[in-house]
Amino acid sequence: MAKKKKGKKNKKKPSKGIKVFLGLLGVLLLILFLRWGFDQINGAINASKSIDVTVDLELGTHGDGPGQFLEPWGVATDSNDNFYVADFGGHRILKFNPEGEQTLSFGKSGKEEGEFNQPSGLFVDLKGDIYVCDTFNHRIQKFDLEGNFLKVWNHNFFGPRSITGDNRNRIYVVDTGNHKIQVFDPEGNFLSEFGCFGTGDGKFREPVGSTVDSDGFLYVADSDNTRIQKFDPVGKFVSSFKVSTWRGKNEESPYLAFGQGFLYASNASAHTVLKYDLSGKLVAILKKKDKEGFSTATGVAADHQNRLYVVERGPGKVARFSIPSAPAPSK
């Protein structure tokens, strides 16, 4: 009787589902590794650009008295280097001379003319008139240099958070909740608008800060797209660049300032101020010396003495320092 040949046992092959899973897992691990490597490189580059700055003026304690803030937000300077702070939580505007002495305070909580509901961004024109984003009254209010009410306007705003102007009598309002920019003359007459919700060029997701350079180009902090966009004076998109250290709208309320040919952006999550040239190249990362940094950095403004003002929203302070030169490139 012939013996039956023993057949070879077939090895069980991985199922198609397992192969797909392993492939996806490999891709995920590769992405995580590449991201880790990018973060390491980016961190090293940023560390080489970090500069400690020495604060020459620091003011503010928690409260609603003179020189106190309940929650400071925006800051602006005028042609005489006075500076103005929007006290978001205190529903008022405070004015200080260059020595840090309070010279004016106006506003209170309310909906009437001259009253505010959490003011944020503000701008002072060459005449000394003060424009305020009355954020949750959804309007802009204008005052003279003594804080006297002049005008109010609302053009279907939804939470405006920043306002700036150029030397051609154009006032730009960042209409944050509507994800667009609205343009007016100094009397509040509507001129144009641009932008909508999205991720493409000229679109926004939670825009906040804004500033205008000496040539009239507008820069907008597009916070949830973690980038800064640049527009020409009539609102045409020019360019954009990423801000790798911004963490989106839940952690940032980034404001912008222009001074001495450079662009400055607050970085609340990193407690720093970022310095860029106008092409979008990161020049320096500014951090408060001997401390953890500018706590919850929000509003920023430059004066004519090459000094920068930074609102530290967390502790309710405003700090000022002379802007240092960028570090020399490594050889």
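Start by selecting Glu-312 and Lys-288: their side chains meet in a salt bridge, 2.7 Å from N to O (the term needs a side-chain nitrogen of Lys or Arg within 4 Å of a carboxyl oxygen of Asp or Glu). Glu-312 is in strand E24 (residues 307-312) and Lys-288 in strand E22 (residues 282-288), so the bridge ties together parts 24 residues apart in sequence. Strands here are DSSP runs of E, at least two residues long, numbered from the N terminus. Both partners are buried, where buried means under 20% relative accessible area, exposed over 50% and partly exposed in between, with a 1.4 Å probe and protein chains only.

Before you move on, a word about what's on screen. This is a predicted model, in which local features need pLDDT of at least 70 and side-chain atom pairs count only at pLDDT 80 or more, while totals for chains, interfaces and linings use all residues. Residues are numbered from 1 along each chain as its sequence is written, and side-chain values use heavy atoms, with hydrogens and water left out.

**More salt bridges**

The structure holds 15 salt bridges. Pick Asp-56 and Arg-320 next, which meet at 2.8 Å, N to O. With Asp-56 in strand E2 (residues 55-59) and Arg-320 in strand E25 (residues 317-322), the pair ties together parts 264 residues apart in sequence. Arg-320 is buried at 7% relative accessible area, whereas Asp-56 is partly exposed at 42%.

Now go to Lys-142 and Glu-187, whose closest N and O atoms are 3.6 Å apart. Lys-142 is in strand E9, and Glu-187 is in the loop between strand E13 (180-184) and strand E14 (190-194), 45 residues away. Lys-142 is buried at 4%; Glu-187 is partly exposed at 42%. Add Lys-127, Asp-129 and Lys-151 to the selection, and you have a network joined by salt bridges that share partners.

**Rings**

Stay with strand E9 and select Phe-143, which pairs with Phe-106 in strand E6 (residues 102-106), 37 residues apart. Ring centres within 6.5 Å make an aromatic pair (Phe, Tyr, or the six-membered ring of Trp), with planes under 30 degrees apart called stacked, over 60 edge-to-face and the rest tilted. This one is tilted, at 4.7 Å centre to centre and 50 degrees between the planes. Phe-143 is buried at 1% relative accessibility, and Phe-106 is buried at 8%.

By that rule there are 19 aromatic pairs. For an edge-to-face one, try Phe-88 and Phe-136: 6.4 Å centre to centre, 75 degrees between the planes. Then colour Phe-123, Tyr-131, Trp-153, Phe-157, Phe-184 and Phe-190, which form one aromatic cluster.

Two lysines are worth a stop too. The charged end of Lys-230 sits over the ring of Phe-217, 4.7 Å from its centre, and Lys-275 lies over the face of Phe-262, at 4.3 Å from the ring centre. (The rule: NZ of Lys or CZ of Arg within 6 Å of the ring centre and within 35 degrees of the ring normal.)

**The largest pocket**

Finish at the largest pocket, with a volume of about 1,100 Å³. Of its 48 lining residues, the closest to the centre are Phe-123, Val-124, Thr-164, Gly-165 and Val-212. Strands giving two or more residues to the lining include E3 (72-77), E7 (119-124) and E11 (162-165).

On a 1 Å grid over the protein atoms alone, a pocket is an open set of points where a 1.4 Å probe fits, with protein on both sides within 12 Å along at least five of seven lines; lining residues have an atom within 4 Å of a point. Points are joined across faces, edges and corners, and the volume is the space filled by probe spheres set on them.

Key:
Helices (H or I, at least four residues) and strands (E, at least two) are DSSP runs, numbered from the N terminus.
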